[in-house]
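Grab a pencil and work through a few short exercises with the structure open beside you. Each task comes with a solution that goes step by step.

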Amino acid sequence: PAPPPAQHLFSDPSEIDTLRGNLLAWYDKSKRDLPWRTLAATEPDADRRAYAVWVSEIMLQQTQVATVIDYYNRWMQKWPTLQALAQASLEEVNELWAGLGYYSRGKRLQEAARKVPWCWGVGAFLDPSAACGSVLAPVCLASLGLCAAATRVVTELGGQMPRTAEELQKLLPGVGRYTAGAIASISYGQATGVVDGNVIRVLCRLRCIGADSSSPAVIDRLWDMANALVDRSRPGDFNQALMELGATVCVPKAPLCGECPVRQHCRARRRVEKELAFASQKLFGKPAPVPDVEDCGFGDCPLCPPATEPWDSSLGVTNFPRKAAKKQPRVARTATCVLERRGCHGALEYLIVQRPSSGLLAGLWEFPSLALAQGLQEEQQREVLADHLQACTGRPVAAGDLRLIGEVIHVFSHIHQTYVVYSLPLDGDVTLDPALSPSRWVTEEEFHTSAVSTAMKKVLKACEKQHGKDSDHGKASKRKRGAKPQGASSTRPGTQLSLRAFLQAPTSL
Ligand code: SF4
């Protein structure tokens, strides 16, 4: 294909040099202090460094930095190495991930960790400091033929994390082009660019790219640009600087152009300045200037905004980037039942069941739930849920015993989910048929530390709120029942009245 017009390119090597220098100087001065950055800068072992960056990149997909920090610290404390993560169960991973959303990320991370070579047992024998933690180093049970784990030594990738972006992407499940580029540039110093949402925004503004930024043609151009711009001697820092700029200065709605270290290279900003200059010239009756030869926007440039959505002066630099309209999320309804009982110490307990190991919220725990067909009336919902609970528990459940709590809405990335919440108190030890799904009773505290989704936490909250209202209502009715009729003496029976009270007290004849 023909090269894009100069307006959308970085073709001057001296401009690229200046931009790199300005951006890196700003980054050195202004970068946020983040735990994964500290690890990437201080960890001498390349595999551990790559692992630390990898975990952060996966957590940061779709999630804000402020939310990720606590999860990241807990994760790295629990599984400081790939070897440690490879030994973790999906249950443990889901428990730690609970609340971070997009649960398949944690699952894929753990699956990928198991592909990377690690030695559990034999490694401890050769190098006691590499002991897995469950082996009492320096005596390695594998050497005595007693270590069951030694039979699980994984050798698929031959002893090391892949060392280039291409190999990382090819060999590790769940590692795409962006994550591979980030790990390789930050951990190994490979001079390769990265393109994420922040970089797309910055580059589209720097070079006035207004075509749909999610289209393959634009994405390819942005990758070319990122690879051309990346600093050869500090690629990891450069990539992080570009992303940091997008996250803190060149933000989506109100970019801080006045503080931007690369504003002199920004064509979106130049366009805004030109418009302001034209407007003031017009005010003073001066003729409109001749269009800049660098200006694009004529004909059918594949990187300019489409003719149907031209530059909008009121938006300024935020004319860029542009995205195709988002697909509306699918609407779904699910009936869910909070089954409750009093445990042996009188504490309230809830029955939770585990979801299948694949698909949405794989392996997470939830209250017994059932997807509802569209258009069911409340009575029908109640009936199908009662049938479902009956089938699962193997004991009769009357639809009329289910208590409607209300509706809880949770929006997943692509599903607008409504949970119709019911509750049902039970006696005795009910479990679901293990052939259908594992289940267990948990206290409220155990519920919150289990691998449950945010949506289920909302469901429990709705239920507790309703119970709270009930108990307030109960107390109020009791008070009402126990209240004395107006004018009645507040004196307890059998208490002697004062003369004054005696004279004021109502008399019955
Ligand atoms: Fe973004 Fe403004 Fe900087 Fe351009 S000058 S890159 S629009 S912050």
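**Exercise 1.** Find the strand that holds S439, then list the residues this serine touches beyond its neighbours in sequence.

*Solution.* Start with the strand: S439 belongs to strand 7, which covers residues 439-443. Keep in mind that you are looking at a predicted model. Next, leave out residues up to four places away in sequence; S439 then touches L351, I352, V353, W365, T431 and L432. Now pick W365 from that list. S439 and W365 are 74 residues apart in sequence, yet their C-alpha atoms are 8.4 Å apart in space.

**Exercise 2.** Decide whether S423 is buried or exposed, and say where it sits.

*Solution.* First locate S423: it is in strand 6, residues 415-425. Then check its relative accessibility, which is 3%. Buried means under 20%, so S423 counts as buried. Finally, look at what is around it: setting aside residues up to four places away in sequence, S423 touches C337, V338, E340, D401, L402, R403, I405, C463 and H467.

**Exercise 3.** Work out which loop G210 lies in and which residues it meets there from elsewhere in the sequence.

*Solution.* Step one: G210 lies in the loop between helix 11 (197-206) and helix 12 (216-229). Step two: its relative accessible area is 0%, so G210 is buried. Step three: not counting residues up to four places away in sequence, G210 touches L303, C304, P305, P306, F320 and R322. Step four: try a distance. P302 is 92 residues from G210 along the chain, and the two C-alpha atoms are separated by 9.0 Å.

**Exercise 4.** Look at the backbone and say what is unusual about the F320 to P321 bond, and about phi at Q62 and Y102.

*Solution.* Begin with the general picture: most residues other than glycine have a negative phi, and most peptide bonds are trans. Now the bond: from F320 to P321 the peptide bond is cis, with omega near -5°. P321 is in the loop between helix 14 (267-283) and strand 1 (330-342). F320, by the way, is one of the residues that G210 touches.

On to phi. Q62 has a positive value, near 70°, and sits in the loop between helix 3 (46-60) and helix 4 (65-78). Y102 also has a positive value, near 45°; its loop runs between helix 6 (90-97) and helix 7 (104-115). How do the two fare for exposure? Q62 has 61% relative accessibility, so it counts as exposed. Y102 has a relative accessible area of 35%, so it is partly exposed.

**Exercise 5.** Name the residues that surround the ligand and sort them by class.

*Solution.* Go round the ligand: you should meet R205, L206, C250, C257, C260, R263, C266, R269 and V317. Then sort them: six are nonpolar, three are charged and none is polar. Last, consider the space itself: the ligand takes up the largest cavity.

**Exercise 6.** Sum up the whole protein: how many helices and strands are there, and what share of residues is buried?

*Solution.* Count the elements: 18 helices and seven strands. Of the 509 residues, 43% count as buried. For contacts between residues at least 6 apart in sequence, 67% join residues at least 24 apart. To finish, the accessible surface comes to about 27,400 Å², and 55% of it belongs to carbon and sulfur atoms.

Terms used: Residues are numbered from 1 along each chain as its sequence is written. This is a predicted model: local features need pLDDT of at least 70, side-chain atom pairs count only at pLDDT 80 or more; totals for chains, interfaces and linings use all residues. Side-chain values use heavy atoms; hydrogens and water are left out. A residue is near a molecule or strand if one of its heavy atoms lies within 4 Å of it. On a 1 Å grid over the protein atoms alone, a cavity is a set of points where a 1.4 Å probe fits but cannot get out, and a pocket is an open set with protein on both sides within 12 Å along at least five of seven lines; lining residues have an atom within 4 Å of a point. A molecule sits in a cavity or pocket if more than half of its atoms lie within 2 Å of its grid points. Ala, Val, Leu, Ile, Met, Phe, Trp, Tyr, Cys and Pro count as nonpolar, Asp, Glu, Lys and Arg as charged, and the others, Gly among them, as polar. Helices (H or I, at least four residues) and strands (E, at least two) are DSSP runs, numbered from the N terminus. Buried means under 20% relative accessible area, exposed over 50%, partly exposed in between (1.4 Å probe, protein chains only). Contact means heavy atoms within 4.5 Å. Accessible areas come from the Shrake-Rupley method with a 1.4 Å probe; for residues, only the protein chains shown count as cover.
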